[in-house]
Amino acid sequence: MGNTRIVVGLVGTLVVALYAGLLAVNALVLDPLSAVPGQSLGAIYGHLDAQGFQVRTDVVAVLVIAAVGIALAVTVLIVTLVRRTTAHVAAAWLLSIVAAGAVQVFGSGFQLGMDVADGYGIGGEDHTIWAGVLYVTSLVALLAIPVVLVVGERRRGRAVSETLAA
(Lines give C-alpha, C1' and ligand atoms only; values in the text may rest on other atoms or scores of the structure.)
Protein backbone atom coordinates (compact mmCIF):
# COMPACT_ATOMS: atom_id res chain seq x y z
CA MET A 1 0.00 0.00 0.00
CA GLY A 2 2.89 2.38 0.70
CA ASN A 3 4.17 2.24 -2.86
CA THR A 4 0.68 2.78 -4.25
CA ARG A 5 0.25 6.11 -2.49
CA ILE A 6 3.67 7.23 -3.73
CA VAL A 7 2.81 6.28 -7.31
CA VAL A 8 -0.61 7.96 -7.04
CA GLY A 9 1.00 11.10 -5.63
CA LEU A 10 3.69 11.26 -8.32
CA VAL A 11 1.42 10.42 -11.24
CA GLY A 12 -1.29 12.78 -9.98
CA THR A 13 1.20 15.61 -9.63
CA LEU A 14 2.45 14.92 -13.15
CA VAL A 15 -1.13 14.97 -14.50
CA VAL A 16 -1.78 18.32 -12.80
CA ALA A 17 1.47 19.71 -14.22
CA LEU A 18 0.52 18.54 -17.72
CA TYR A 19 -2.94 20.08 -17.32
CA ALA A 20 -1.42 23.37 -16.16
CA GLY A 21 1.09 23.29 -18.99
CA LEU A 22 -1.63 22.79 -21.59
CA LEU A 23 -3.68 25.55 -19.98
CA ALA A 24 -0.77 27.97 -20.31
CA VAL A 25 0.27 26.93 -23.83
CA ASN A 26 -3.32 27.13 -25.03
CA ALA A 27 -4.01 30.55 -23.49
CA LEU A 28 -0.69 32.12 -24.45
CA VAL A 29 0.20 30.48 -27.78
CA LEU A 30 -2.36 28.22 -29.44
CA ASP A 31 -5.50 30.30 -28.95
CA PRO A 32 -3.97 33.62 -30.09
CA LEU A 33 -2.47 31.93 -33.16
CA SER A 34 -5.83 30.36 -34.01
CA ALA A 35 -7.71 33.59 -33.36
CA VAL A 36 -5.50 35.56 -35.78
CA PRO A 37 -4.49 33.14 -38.54
CA GLY A 38 -1.51 34.14 -40.61
CA GLN A 39 0.07 36.24 -37.87
CA SER A 40 3.07 35.16 -35.82
CA LEU A 41 2.81 35.16 -32.06
CA GLY A 42 5.36 37.98 -31.89
CA ALA A 43 3.30 40.05 -34.34
CA ILE A 44 0.13 39.46 -32.32
CA TYR A 45 1.82 40.44 -29.06
CA GLY A 46 3.43 43.48 -30.73
CA HIS A 47 0.09 44.61 -32.18
CA LEU A 48 -1.55 44.34 -28.77
CA ASP A 49 1.30 46.19 -27.06
CA ALA A 50 1.05 48.97 -29.64
CA GLN A 51 -2.66 49.31 -28.85
CA GLY A 52 -1.92 49.72 -25.14
CA PHE A 53 -2.84 46.26 -23.90
CA GLN A 54 -0.75 44.86 -21.06
CA VAL A 55 0.45 41.67 -22.74
CA ARG A 56 3.23 41.06 -20.22
CA THR A 57 0.73 41.26 -17.36
CA ASP A 58 -1.56 38.83 -19.19
CA VAL A 59 1.29 36.37 -19.67
CA VAL A 60 2.32 36.60 -16.02
CA ALA A 61 -1.27 36.13 -14.84
CA VAL A 62 -1.71 32.96 -16.90
CA LEU A 63 1.64 31.59 -15.72
CA VAL A 64 0.68 32.30 -12.10
CA ILE A 65 -2.62 30.48 -12.58
CA ALA A 66 -0.74 27.45 -13.93
CA ALA A 67 1.89 27.63 -11.17
CA VAL A 68 -0.75 27.69 -8.43
CA GLY A 69 -2.21 24.42 -9.71
CA ILE A 70 1.21 22.80 -9.75
CA ALA A 71 2.00 24.15 -6.28
CA LEU A 72 -1.24 22.68 -4.94
CA ALA A 73 -0.39 19.29 -6.45
CA VAL A 74 3.13 19.36 -5.00
CA THR A 75 1.63 20.23 -1.61
CA VAL A 76 -0.69 17.21 -1.85
CA LEU A 77 2.29 15.05 -2.82
CA ILE A 78 4.34 16.25 0.17
CA VAL A 79 1.44 15.77 2.59
CA THR A 80 0.82 12.32 1.11
CA LEU A 81 4.43 11.31 1.69
CA VAL A 82 4.84 12.87 5.13
CA ARG A 83 1.46 11.98 6.65
CA ARG A 84 1.18 8.64 4.85
CA THR A 85 -2.17 9.59 3.37
CA THR A 86 -4.03 6.70 1.79
CA ALA A 87 -3.80 6.40 -1.98
CA HIS A 88 -7.51 6.99 -2.58
CA VAL A 89 -7.58 10.18 -0.49
CA ALA A 90 -4.50 11.52 -2.28
CA ALA A 91 -6.09 10.63 -5.62
CA ALA A 92 -9.29 12.44 -4.65
CA TRP A 93 -7.35 15.58 -3.70
CA LEU A 94 -5.41 15.52 -6.96
CA LEU A 95 -8.58 14.89 -8.96
CA SER A 96 -10.18 17.86 -7.23
CA ILE A 97 -7.31 20.09 -8.38
CA VAL A 98 -7.87 18.95 -11.95
CA ALA A 99 -11.63 19.42 -11.58
CA ALA A 100 -11.15 22.96 -10.25
CA GLY A 101 -8.89 23.62 -13.22
CA ALA A 102 -12.00 24.24 -15.37
CA VAL A 103 -12.54 27.52 -13.54
CA GLN A 104 -8.93 28.46 -14.20
CA VAL A 105 -9.21 27.60 -17.90
CA PHE A 106 -12.18 29.95 -18.13
CA GLY A 107 -10.36 32.64 -16.15
CA SER A 108 -7.14 32.36 -18.11
CA GLY A 109 -9.12 32.93 -21.31
CA PHE A 110 -9.96 36.42 -20.07
CA GLN A 111 -6.34 37.42 -19.79
CA LEU A 112 -4.78 37.52 -23.24
CA GLY A 113 -7.87 36.13 -24.98
CA MET A 114 -9.97 39.23 -24.39
CA ASP A 115 -7.11 41.48 -25.42
CA VAL A 116 -6.80 39.57 -28.68
CA ALA A 117 -10.57 39.81 -29.20
CA ASP A 118 -10.62 43.54 -28.51
CA GLY A 119 -7.39 44.27 -30.37
CA TYR A 120 -8.44 42.46 -33.52
CA GLY A 121 -12.20 42.98 -33.37
CA ILE A 122 -13.03 39.26 -33.19
CA GLY A 123 -15.08 37.09 -30.88
CA GLY A 124 -13.74 36.26 -27.44
CA GLU A 125 -14.65 32.57 -27.55
CA ASP A 126 -12.11 29.77 -27.50
CA HIS A 127 -10.47 29.37 -30.88
CA THR A 128 -8.95 25.92 -30.35
CA ILE A 129 -10.23 22.55 -29.26
CA TRP A 130 -7.77 22.46 -26.34
CA ALA A 131 -9.90 24.47 -23.94
CA GLY A 132 -12.64 21.91 -24.54
CA VAL A 133 -10.21 19.09 -23.86
CA LEU A 134 -9.31 20.72 -20.54
CA TYR A 135 -13.00 21.22 -19.64
CA VAL A 136 -13.81 17.57 -20.41
CA THR A 137 -10.77 16.45 -18.41
CA SER A 138 -12.01 18.50 -15.45
CA LEU A 139 -15.49 16.99 -15.76
CA VAL A 140 -14.10 13.45 -15.84
CA ALA A 141 -11.97 14.24 -12.78
CA LEU A 142 -15.02 15.63 -10.96
CA LEU A 143 -17.04 12.51 -11.72
CA ALA A 144 -14.15 10.25 -10.67
CA ILE A 145 -13.81 11.75 -7.18
CA PRO A 146 -16.76 9.95 -5.53
CA VAL A 147 -15.91 6.71 -7.34
CA VAL A 148 -12.32 6.81 -6.09
CA LEU A 149 -13.42 7.59 -2.54
CA VAL A 150 -16.11 4.89 -2.39
CA VAL A 151 -13.91 2.18 -3.91
CA GLY A 152 -10.97 3.20 -1.71
CA GLU A 153 -13.02 3.17 1.49
CA ARG A 154 -14.53 -0.21 0.62
CA ARG A 155 -11.06 -1.68 0.13
CA ARG A 156 -9.83 -0.10 3.34
CA GLY A 157 -12.88 -1.44 5.21
CA ARG A 158 -12.25 -4.90 3.82
CA ALA A 159 -8.60 -4.76 4.90
CA VAL A 160 -9.58 -3.66 8.41
CA SER A 161 -12.15 -6.48 8.63
CA GLU A 162 -9.58 -9.05 7.56
CA THR A 163 -7.09 -7.71 10.10
CA LEU A 164 -9.65 -7.89 12.91
CA ALA A 165 -10.74 -11.40 11.88
CA ALA A 166 -7.17 -12.72 11.98
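Helices here are DSSP runs of at least four residues, numbered from the N terminus. With that in hand, the fold of this predicted model is quick to read. The protein follows the pattern α-α-α-α-α along its sequence. That makes five helices and zero strands.

Start with the overall shape. The C-alpha trace spans about 75 × 25 × 20 Å along its principal axes. A compact globule of 166 residues would have a radius of gyration near 15 Å. This protein has 20 Å instead. Its accessible surface comes to about 9,400 Å². Carbon and sulfur atoms hold 70% of that surface. Of the 166 residues, 34% count as buried.

Now look at how the chain meets itself. Take the contacts in the protein with a separation of 6 or more. Residues 24 or more positions apart account for 83% of them.

Next comes the interior. The largest nonpolar core has 29 residues. Leu-23, Leu-48, Leu-112 and Val-116 have the most contacts inside this core. Five elements give two or more residues to it: helix H1 (2-35), helix H2 (41-50), helix H3 (55-83), H4 and helix H5 (130-165). H1 provides the largest share, eight residues.

Val-116 is a good place to pause. Which residues does Val-116 touch, not counting those up to four places away in sequence? The list is Pro-32, Ala-35, Val-36, Ile-44, Leu-48, Gly-121 and Ile-122. Leu-48, one of these, is also among the residues with the most contacts inside the core.

Follow helix H4 next. It covers residues 87-120, which is 34 residues. How far apart should its ends be, at 1.5 Å a residue? The expected span is 50 Å, because the rule multiplies 1.5 Å by one less than the number of residues. The end C-alpha atoms are 48 Å apart, which agrees. Yet H4 also has a bend, of about 40°, at Leu-112. Leu-112 is thus met twice, as it is also one of the core residues with the most contacts. Just after H4, Gly-121 takes a positive phi of about 65°. Gly-121 is also one of the residues that Val-116 touches.

Step back to the start of H4. The loop between H3 and H4 holds Arg-84. Phi of Arg-84 is near 55°, a positive value in a residue other than glycine. Is Arg-84 buried or exposed? Its relative accessibility is 62%, so Arg-84 counts as exposed, the cut-off being over 50%.

Helix H5 closes the tour with two residues. Thr-137 lies in this helix. At 32% relative accessibility, Thr-137 counts as partly exposed. Which residues does Thr-137 contact, leaving aside neighbours within four places in sequence? They are Tyr-19 and Val-98. Thr-137 and Val-116 are 21 residues apart in sequence. In space, their C-alpha atoms are 26 Å apart.

Arg-158 is placed in H5 as well. Its relative accessibility is 46%, so Arg-158 counts as partly exposed: the value falls between 20% and 50%. Arg-158 and Leu-23 are 135 residues apart along the chain. Their C-alpha atoms are separated by 40 Å. Leu-23 is, once again, among the core residues with the most contacts.

How values were computed
Residues numbered from 1 in each chain as written. Predicted model: local features only at pLDDT ≥ 70, side-chain atom pairs only at ≥ 80, totals over all residues. Heavy atoms only, no water. Bend = angle between axes of the 7 residues up to and from the residue. Rg over C-alpha atoms; globule rule 2.2 N^0.38 Å. Buried < 20%, exposed > 50% of the residue type's maximum accessible area, 1.4 Å probe, protein only. Contact = heavy atoms within 4.5 Å. Areas by Shrake-Rupley, 256 points an atom, 1.4 Å probe, with all protein chains shown as cover. Core = buried A, V, L, I, M, F, W, Y, C linked by side-chain atoms within 4.5 Å.
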